[in-house]
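Work through the exercises below with the model open. Each task is followed by a stepwise solution.

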Amino acid sequence: MAQKTLRLLVDMDGVLCDFERSFLSLYRSRYPGKPYIELHERRIFYAIEDYGRFGQEARAGAREILLSPGFFRNLPPIANAIDCMGWLRTLPGIDAWICTSPTKNYSNCVLEKYEWVHAHLGVEWTRRIIMTRDKTLISGHYLIDDRPEIEGVRERDPAFGSHVMFTAPYNRDVASKRRLDRWFDSRDDLKSFVNCLRTAARSN
């Protein structure tokens, strides 16, 4: 019997790209002497909102960093993310896509996300990017994402299937049936994880 194809949707910021470390480094460099949030103390998914705890000036500073040219293009990859995305393409019966949301002010973000994927994963992956403000409308079996709650038109019955929470400081206290704490350092470990997802999908 032919193996059923498993469609995996993979987020970018905080999952493939190390948004948090890059943002903190830039914030401390650009605003020396100003209060900042250590990585383990991040509590709100949106950095702009989290930095609002220090007032409007800090909130505006955070927003300026996110909108600055080159921010998304220059994010470093998260450890083992590039290898795992490559291995996903070699696993039989896996249909992997990148599923990411642009910022509301998209002037730099959209192009730079494509440039990041091209630079780190290759041109073929640029053809497997789904960019949307509403991930609940995208069809799949699993969405790997660090956002605590995936909001949208179909949030009660998302088209992406099940949410696999990619662990981050701001989602550690969120109850989740499935988590991915980090990317794997071997193809066999990734394959085992994917097989567990496949088994669970059959039982749903």
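On a 1 Å grid over the protein atoms alone, a pocket is an open set of points where a 1.4 Å probe fits, with protein on both sides within 12 Å along at least five of seven lines; lining residues have an atom within 4 Å of a point. A volume is the space filled by probe spheres set on the points, which are joined across faces, edges and corners.

This is a predicted model: local features need pLDDT of at least 70, side-chain atom pairs count only at pLDDT 80 or more, and totals for chains, interfaces and linings use all residues. Residues are numbered from 1 along each chain as its sequence is written, and side-chain values use heavy atoms, with hydrogens and water left out.

**Exercise 1. Describe the second largest pocket.**

Step 1. Take the volume: about 400 Å³ of space.
Step 2. List the lining. It has 20 residues, and Asp18, Arg21, Ile78, Thr167 and Pro169 are the closest to the centre.
Step 3. Find the main contributor. Helix H1 gives the most, with three residues. Helices here are DSSP runs (H or I, at least four residues), numbered from the N terminus.
Step 4. Sort by class. The lining divides into 10 nonpolar, four polar and six charged residues. Ala, Val, Leu, Ile, Met, Phe, Trp, Tyr, Cys and Pro count as nonpolar, Asp, Glu, Lys and Arg as charged, and the others, Gly among them, as polar.

**Exercise 2. Do the same for the largest pocket.**

Step 1. Its volume is about 850 Å³.
Step 2. The lining holds 32 residues; Phe45, Tyr46, Pro102, Thr103 and Arg133 lie nearest the centre.
Step 3. Helices H1 (19-30), H2 (47-51), H3 and H5 each give two or more residues to this lining. H3 gives the most, with four.
Step 4. The classes are 12 nonpolar, five polar and 15 charged.

**Exercise 3. How many salt bridges does the structure hold, and which elements does the Arg73 pair tie together?**

Step 1. Set the criterion: a side-chain nitrogen of Lys or Arg within 4 Å of a carboxyl oxygen of Asp or Glu.
Step 2. Count. There are 15 salt bridges.
Step 3. Check Arg73. Its side chain meets that of Glu112 at 3.5 Å, N to O. Arg73 lies in the loop between H3 (56-67) and H4 (81-88), and Glu112 in H5 (109-121), so the pair ties together parts that are 39 residues apart in sequence.
Step 4. Add exposure (buried: under 20% relative accessible area; exposed: over 50%; partly exposed in between; 1.4 Å probe, protein chains only). Arg73 is partly exposed at 36%, whereas Glu112 is buried at 3%.
Step 5. Turn to Arg53. Its closest N and O atoms with Asp50 are 2.6 Å apart. Arg53 is partly exposed at 44%; Asp50 is buried at 2%.
Step 6. Include Glu151 and Arg147, paired at 3.3 Å. Glu151 is partly exposed at 47%.
Step 7. Look for shared partners. Glu20, Arg42, Asp50 and Arg53 join into one network.

**Exercise 4. Map the nonpolar cores.**

Step 1. Apply the rule: buried Ala, Val, Leu, Ile, Met, Phe, Trp, Tyr and Cys residues joined through side-chain atoms within 4.5 Å.
Step 2. The largest core has 49 residues; Leu16, Phe23, Leu88, Ile98, Trp183 and Val194 have the most contacts inside it. Helix H7 (187-203) gives the most to this core, with five residues.
Step 3. Inspect Ile98. Beyond its neighbours within four places in sequence, its contacts (heavy atoms within 4.5 Å) include Val10, Leu16, Met85, Trp125 and Ile130.
Step 4. A second, separate core has six residues, among them Leu9, Cys99, Ile138 and Leu143.
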